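Here is a friendly walk through one protein chain. Please keep the sequence and the 3D view open as you read.

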Amino acid sequence: GIGHDISAHISLHEKLQILAERDGLTGLFNRRHFMETAATQVAQAQRYEQPLSLMMLDLDHFKSVNDTHGHEVGDQALVHTAEILRAGLRCSDVVGRFGGEEFILMLPDTPLEQARVVVERVMQTLRSYPLSGVDGGVRITATVALTEVKDTDDNLSDTLKRVDVALYQGKAAGRDQLVLS
């Protein structure tokens, strides 16, 4: 009957909504949806003078994981990382897959020092849990950049630029480290 048709239609609409917002592999927010959410959060944090921290995480030597073990293991590494990120977060935190092996995380109401504790715990968890099921396990580490939204940031892209530069510095300095900016 008509009632059934409506419920089928709603669930399809919800599914399409999820597809539009989420990364298909990890289930995290995709870049576009993260950016929309984050832009709103940055504006709010600045308006109400609340601390807001932003983290970018890049898996180390990801290309060599793919080349050595194959893309399936590479995909497993991404899912594994997404699960660790999700497990380490509070419900107010927003996490997304930003691109290839890049993840991004927004920590509302969180000053830099407090965010640092959260991020260091995530990095430690990554180090402690190699990807199992592959000869001897694949150890996954990440280079991470962390910044706090500043009053002088005109918008989200200013904050992102700063975190991007810090990420590049961390990679240049040998990876598997946290750079604050």
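The report below goes from the overall fold to the central strand, the cores and the charged pairs.

**Ground rules**

This is a predicted model, in which local features need pLDDT of at least 70 and side-chain atom pairs count only at pLDDT 80 or more, while totals for chains, interfaces and linings use all residues. Residues are numbered from 1 along each chain as its sequence is written, and side-chain values use heavy atoms, with hydrogens and water left out.

**The overall fold**

The chain holds 6 helices and 5 strands; these are DSSP runs numbered from the N terminus, with helices being H or I runs of at least four residues and strands E runs of at least two. Their order along the sequence is α-α-β-α-α-β-β-α-β-α-β. The C-alpha trace spans about 65 × 50 × 20 Å along its principal axes. Of the 181 residues, 42% are buried, where buried means under 20% relative accessible area, exposed means over 50%, and partly exposed lies in between (1.4 Å probe, protein chains only). Taking contacts (heavy atoms within 4.5 Å) between residues at least 6 apart in sequence, 69% join residues at least 24 apart.

**Strand 1 and its partners**

A good place to start looking is strand 1, where 8 of 8 residues are buried. In a regular strand, side chains alternate between the two faces of the sheet. Here both faces are covered: Leu52, Leu54, Met56 and Asp58 are buried on one side, and Ser53, Met55, Leu57 and Leu59 on the other.

Strand 1 pairs with two other strands (pairing needs at least two DSSP bridges between them). It runs antiparallel to strand 3, with 7 bridges joining the two, and Leu54 stands opposite Met106 there. Strand 4 (residues 142-148) is also antiparallel to strand 1 and is joined to it by 7 bridges; in this pairing Leu57 stands opposite Val144.

**Helix 4 and the nonpolar cores**

Helix 4 covers residues 71-87, and its 17 residues reach 24 Å from first to last C-alpha, close to the 24 Å expected at 1.5 Å a residue (the expected span is 1.5 Å times one less than the number of residues). Its buried residues include Val73, Ala77, Leu78, Thr81 and Leu85. The buried residues of helix 4 pack against strand 1, helix 3 (62-69), strand 2 (94-99), strand 3 and helix 5 (112-128).

A nonpolar core is a set of buried Ala, Val, Leu, Ile, Met, Phe, Trp, Tyr and Cys residues joined through side-chain atoms within 4.5 Å. The largest has 31 residues, and those with the most contacts inside it are Met55, Leu57, Leu59, Leu85, Phe103, Leu126 and Val144. Strand 1, helix 3, helix 4, strand 3, helix 5 and strand 4 each give two or more residues to this core, and the largest share, 7 residues, comes from helix 5. Leaving aside neighbours within four places in sequence, Leu59 has contacts that include Ala77, Leu78, Phe103, Leu126 and Ile140. A second, separate core has 20 residues, among them Ala45, Phe98, Ile104 and Ala166.

**Charged residues**

The whole structure has 11 salt bridges, each being a side-chain nitrogen of Lys or Arg within 4 Å of a carboxyl oxygen of Asp or Glu. Three of the pairs are set out here.

| Acidic residue | Basic residue | Closest N to O |
|---|---|---|
| Asp58 | Lys171 | 3.5 Å |
| Asp93 | Arg90 | 2.6 Å |
| Asp153 | Arg162 | 2.8 Å |

Asp58 in strand 1 and Lys171 in helix 6 (residues 156-172) lie 113 residues apart, so their pair links distant parts of the chain. Asp58 is buried at 6% relative accessible area, whereas Lys171 is partly exposed at 28%. Asp93 counts as buried at 9%, and its partner Arg90 is partly exposed at 33%. Asp153 is buried too, at 5%. Elsewhere, Glu113, Arg116 and Glu120 are linked in a salt-bridge network.

What is the nearest side chain of opposite charge to the buried Glu102? It is Lys171, 5.1 Å away, and Glu102 has no salt bridge; Lys and Arg count as positive and Asp and Glu as negative, with His and the chain ends not counted. Glu102 sits in strand 3 (residues 102-108). Beyond residues up to four places away in sequence, Glu102 touches Met56, Leu57, Asp58, Arg97, Asp164 and Leu167.
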